[in-house]
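Colleague: I have a few labels to query. Give me the definition each time, then the conclusion.

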Amino acid sequence: MSTVRLKKGFDINLLGAIDGNDIAFTAPSRSVAVVPDDFHGIIPRMEKKEGEHVAAGEPLYHDKNYEDIKVVSPVSGTVKEVRRGERRHIDAIIIVPDEGNDAVTHDIKGDAMQVLLASGLWVMLRQRPYDIVPVPGVRPRDIFVTAFDSAPLAPDLDIVLAGKREYIGKGIEVLARMTDGKVYIGVRENQSIDAPGAEVNTFVGPHPAGNAGVQVANTVPVNKGETVWTLDIVTLARIGELFTTGKVSHDTVVAINGEMVETPRYVQTVMGAELTTLLKGQVKGEAGESRIISGNVLTGVKVDADGWLRAPYRHITVIPENSKPDEFMGWASFSPKRFSLYRTFTTWLGGLKRPVSMDSRIKGGERAIVRTGEYDAMLPMDIYGEFLIKAIISGDIDKMEQLGIYEIAPEDFALAEFADTSKLELQHIVREGLDKLRAEMS
């Protein structure tokens, strides 16, 4: 075991953290949904039609280019609606659960890759480069598992595991058969884990220490022509459970927290559950006063109150929505409650580690990039962030390669986006750059 100490980054301590480790239960979800946009790199082709019955673990659609890649239903029920948007883009597949327990059982004695593809767990893995669902048939150089999440108000993955720790060893055994290299597991300081067959590394430092990309870059970086896979410890346990029982468990523990949540807590539910059930009686204020985010505040997706829990099904954050549009004196306010990374306000006198209140406002407008070192201070990777973003914007593929685009994913720039005085959508820019590079290389 080795220890990696990271100095760059920042922990955003938001109000609304969960106090305690208890897991509550909610009423069964009246509907669940699968959102194809959560699995980047897949072009869906439906296998089920509206009105058809589907068993838990049965494929809903496959990828157009790689038909072996399946996305499955998390519950047994009826396909109520295939909701489409512009140009017939599939926005969501909505399923009404029934009282049956129909579930697909897999032959776990077959090829591990084929079992993962058929089970639907394959789409929970990510490939570097490009941060996409892995391409079948390509053996990764190494596989990296992150055992903790360092994002603001992120759930404790030890709690989310909820009795699944016994399957971690089997998951490592399965993944080890799929790579010629090593299975690495990244843990935080003082976190214990029983991981026979894996190399465990401890990461000490602020967010984004829990990001898979940061852990890869500070262990064995990705070079051009190499492929690695990344996943979290919960997905690893699901893989182990699949190869032990023959079935995929679609139950999940979700952290529901944030300043606008009445009682921040962990909740036992099912993948893709509707939010009206999970948030019933828990959101403060009137409609429109809160922003509901499926995920954390840096990388999550804004969802409607009648929406669904999005992949990877771990976290719901609720924060104020534009709480003070006419705030007295605006940016020039001397209020001690105002937050700033750069000591613009007096908050830093009381320490930046105390919980703070933040709403959804950007508080500024887009402007030209000025090289100030902001990105580098928030990116603990051997990458010149500002130069890479400029190369992506200009479409210079050679520069993008030289500056390390193969190592990154949009989430790696999420904290830099938060700190950016230019107010650029860095994650969107990185995603466009990765997609353009992938199209050029294919």
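**Cavities, buried serines and strands**

Colleague: Which residues line the second largest cavity?

Modeller: G41, I42, D63, Y66, I69, I132, V133, P134, V135 and R438. Lining residues have an atom within 4 Å of a cavity point. The model is predicted, so local features need pLDDT of at least 70 and side-chain atom pairs 80 or more, while totals for chains, interfaces and linings use all residues. Residues are numbered from 1 along each chain as its sequence is written, and side-chain values use heavy atoms, without hydrogens or water.

Colleague: What makes a space a cavity?

Modeller: On a 1 Å grid over the protein atoms alone, a 1.4 Å probe must fit at a set of points but be unable to get out. Three cavities of 30 Å³ or more meet that test here. The largest has a volume of about 150 Å³. It is lined by 15 residues, with V72, G120, H250, M271 and Y313 the closest to its centre. The second largest has a volume of about 50 Å³. Volume is the space filled by probe spheres set on the points, with points joined across faces, edges and corners.

Colleague: How many nonpolar, polar and charged residues line the largest cavity?

Modeller: It has 11 nonpolar, four polar and no charged residues. Ala, Val, Leu, Ile, Met, Phe, Trp, Tyr, Cys and Pro count as nonpolar, Asp, Glu, Lys and Arg as charged, and the others, Gly among them, as polar. The second largest cavity has seven nonpolar, one polar and two charged residues in its lining.

Colleague: Why is S150 called buried?

Modeller: Buried means under 20% relative accessible area, exposed over 50%, and partly exposed in between, with a 1.4 Å probe and protein chains only. S150 has 13%, so it counts as buried. It is found in the loop between β11 (142-146) and α2 (157-161).

Colleague: How do you know that S150 makes a polar contact with H207?

Modeller: A polar contact is a pair of N or O atoms within 3.5 Å; within protein, one must be able to donate a hydrogen and the other to accept it, and residues adjacent in sequence count only if both atoms are side-chain atoms. The side chains of S150 and H207 are paired at 2.7 Å. The S150 side chain also reaches the backbone nitrogen of G210 at 2.9 Å.

Colleague: What about S29: buried or exposed?

Modeller: Buried, because its relative accessibility is 12%. S29 lies in the loop between β2 (23-25) and β3. Its side chain reaches the backbone oxygen of S31 at 2.5 Å and the backbone nitrogen of E274 at 3.1 Å. Contact means heavy atoms within 4.5 Å. Beyond residues up to four places away in sequence, S29 touches P97, A273, E274 and T277.

Colleague: What makes β8 and β9 a pair?

Modeller: Strands are DSSP runs of E, at least two residues, and helices are runs of H or I, at least four, numbered from the N terminus. Two strands pair if DSSP finds at least two bridges between them. Strands β8 (residues 77-84) and β9 (residues 90-97) have seven, in the antiparallel sense. V79 stands opposite I95 in β9. The open sheet of four strands runs β3-β9-β8-β5. Its edge strands are β3 (32-34) and β5 (53-54), each pairing on one side only.

Colleague: Why is β12 called largely enclosed?

Modeller: Because five of its six residues (183-188) are buried. Four bridges join β12 to β11, in parallel. Five join β12 to β13 (residues 199-204), also parallel.

Terms used: 1 Å grid on protein atoms, 1.4 Å probe; cavity = no way out; pocket = protein on both sides within 12 Å on 5 of 7 lines; lining within 4 Å.
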